[in-house]
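Please read this report alongside the sequence and the coordinates. The text moves from the ligand to the strands, then to the core and a few single residues.

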Amino acid sequence: MTTEPNRIRFDCLAADWDANPGRIALTQAVVATLRKSVPLRPDMKALDFGAGTGLVTLGLLPYVAGITAVDTSGEMLRVLGGKLAAAQITNVNSLLCESNHTPLPPGEFDLVVSSMVMHHLPDVSQMIHRLRPCLRPGGWIALADLESEDGTFHADSTGVYHHGFAPEIICGWLREAGFVDIAVCEAHRILRPSADGRTREYPVFLVTGRVD
Ligand SMILES: C[S@@+](CC[C@H](N)C(=O)[O-])C[C@H]1O[C@@H](n2cnc3c(N)ncnc32)[C@H](O)[C@@H]1O
């Protein structure tokens, strides 16, 4: 299936992506939870899959040696590039990925992280199998996304293939792909006003696992 609907969607959203305080809070919570769940080391190389404007990339950067930020949206990566240039950061590189079949760098990484991307992918198990060879022996994967929701999270569902996930489903796909030490925890709750004036909560989980 094509990545085009999401490329168009995120190219349009890129310029204002970082202006949403809820997104900043979410990415900070994902990085904080990741730090508790994965033994990060300053010599680690990480890959941020679906890095967008690099909110997770730049939050994680102080704790690792360098990060490759992968995304299908040239505009999201262009915003990230502007931030890297402004802060004179040289240990993050961007990789524009044309499709779900673009080869990713094999065997180079100690950590693959991905936040709020899986619900935009038609086949998440295929993505996990594609990311697995990027990891060195002993490397970690950390996937954050929405728990199953009723379809109200996205006002525009173009390029949205899943209304969140039961975390156990992700755990099963990781197990099938050969990951061990799989664990789940809640990383954050996104709060949104609903039509009836109440506040809706959308929990976000972090699933982690390791390759032997
Ligand atoms: C909801 S945004 C999250 C961005 C970033 N991780 C964050 O937390 O701010 C989803 C990102 O995944 C990217 N994306 C969507 N489909 C993708 C694919 N097949 N391969 C790589 N990136 C993809 C989008 O372009 C977008 O930047």
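What follows describes a predicted model.

**Ligand shell**

The ligand is surrounded by 22 residues. Phe 10, Gly 50, Gly 52, Ser 73 and Met 116 are the closest. By character, the shell splits into ten nonpolar, ten polar and two charged residues. Which elements each supply at least two residues of this shell? They are helix 1 (4–13), helix 2 (21–37), helix 3 (55–60) and strand 2 (66–71).

**Strand pairing**

Three pairings link strands 4 to 7. The table lists them.

| Strands | Sense | Bridges |
|---|---|---|
| Strand 4 (residues 109–115) and strand 5 (residues 135–146) | parallel | six bridges |
| Strand 5 and strand 7 (residues 199–210) | antiparallel | seven bridges |
| Strand 6 (residues 180–193) and strand 7 | antiparallel | eleven bridges |Strand 4 and strand 5 also belong to a right-handed β-α-β unit, with helix 5 (residues 124–131) as its helix. Across the parallel pair, Leu 111 stands opposite Trp 140 in strand 5.

Strand 5 pairs with strand 7 in the antiparallel sense. Here Asp 145 stands opposite Phe 205 in strand 7. Leu 146 has Val 204 of strand 7 as its bridge partner.

Strand 7 also runs antiparallel to strand 6. In that pair, Leu 191 stands opposite Glu 201 in strand 7. The hairpin of strand 6 and strand 7 has five residues between the strands. Within this hairpin, Gly 197 takes a positive phi near 85°.

**Nonpolar core**

The largest nonpolar core holds 56 residues. Strand 5 gives the largest share of this core, six residues. Which core members have the most contacts inside it? They are Val 30, Ala 46, Leu 60, Leu 111, Val 112 and Ala 142.

Leu 111 deserves a second look. Leaving aside neighbours within four places in sequence, Leu 111 is in contact with Val 38, Met 44, Ala 46, Val 64, Gly 139, Trp 140 and Ala 142. One of these, Trp 140, is the residue opposite Leu 111 in strand 5. Two others, Ala 46 and Ala 142, appear with Leu 111 among the core residues with the most contacts.

**Val 184**

Val 184 lies in strand 6. Is Val 184 buried, exposed or partly exposed? Val 184 has 17 other C-beta atoms within 10 Å, so Val 184 counts as partly exposed. A buried residue would need 20 or more, and an exposed one 12 or fewer.

Beyond neighbours within four places in sequence, the contacts of Val 184 are Pro 167, Cys 171, Phe 205 and Val 207. Cys 171 is 13 residues away along the chain, and its C-alpha atom is separated from that of Val 184 by 8.0 Å. Phe 205 is the strand 7 residue that stands opposite Asp 145.

**Positive phi outside glycine**

Gln 88 has a positive phi of about 50°, although it is not a glycine. Gln 88 sits in the loop between helix 4 (74–86) and strand 3 (92–96). Gln 88 counts as exposed because it has 6 C-beta neighbours inside 10 Å.

Asp 181 is not a glycine either, and has a positive phi of about 50°. Asp 181 lies in strand 6. Why does Asp 181 count as exposed? Asp 181 is exposed because 11 other C-beta atoms lie within 10 Å, and the cut-off for exposed is 12 or fewer.

How values were computed: Residues are numbered from 1 along each chain as its sequence is written. This is a predicted model: local features need pLDDT of at least 70, side-chain atom pairs count only at pLDDT 80 or more; totals for chains, interfaces and linings use all residues. A residue is near a molecule or strand if its C-beta atom, placed from the backbone, lies within 6 Å of it. Helices (H or I, at least four residues) and strands (E, at least two) are DSSP runs, numbered from the N terminus. Ala, Val, Leu, Ile, Met, Phe, Trp, Tyr, Cys and Pro count as nonpolar, Asp, Glu, Lys and Arg as charged, and the others, Gly among them, as polar. Two strands pair if DSSP finds at least two bridges between them. A crossover is right-handed if, with the strands pointing away from the viewer, the path from the first strand over the helix to the second runs clockwise. A nonpolar core is a set of buried Ala, Val, Leu, Ile, Met, Phe, Trp, Tyr and Cys residues joined through C-beta atoms within 7 Å. Two residues are in contact if their C-beta atoms, placed from the backbone, lie within 7 Å.
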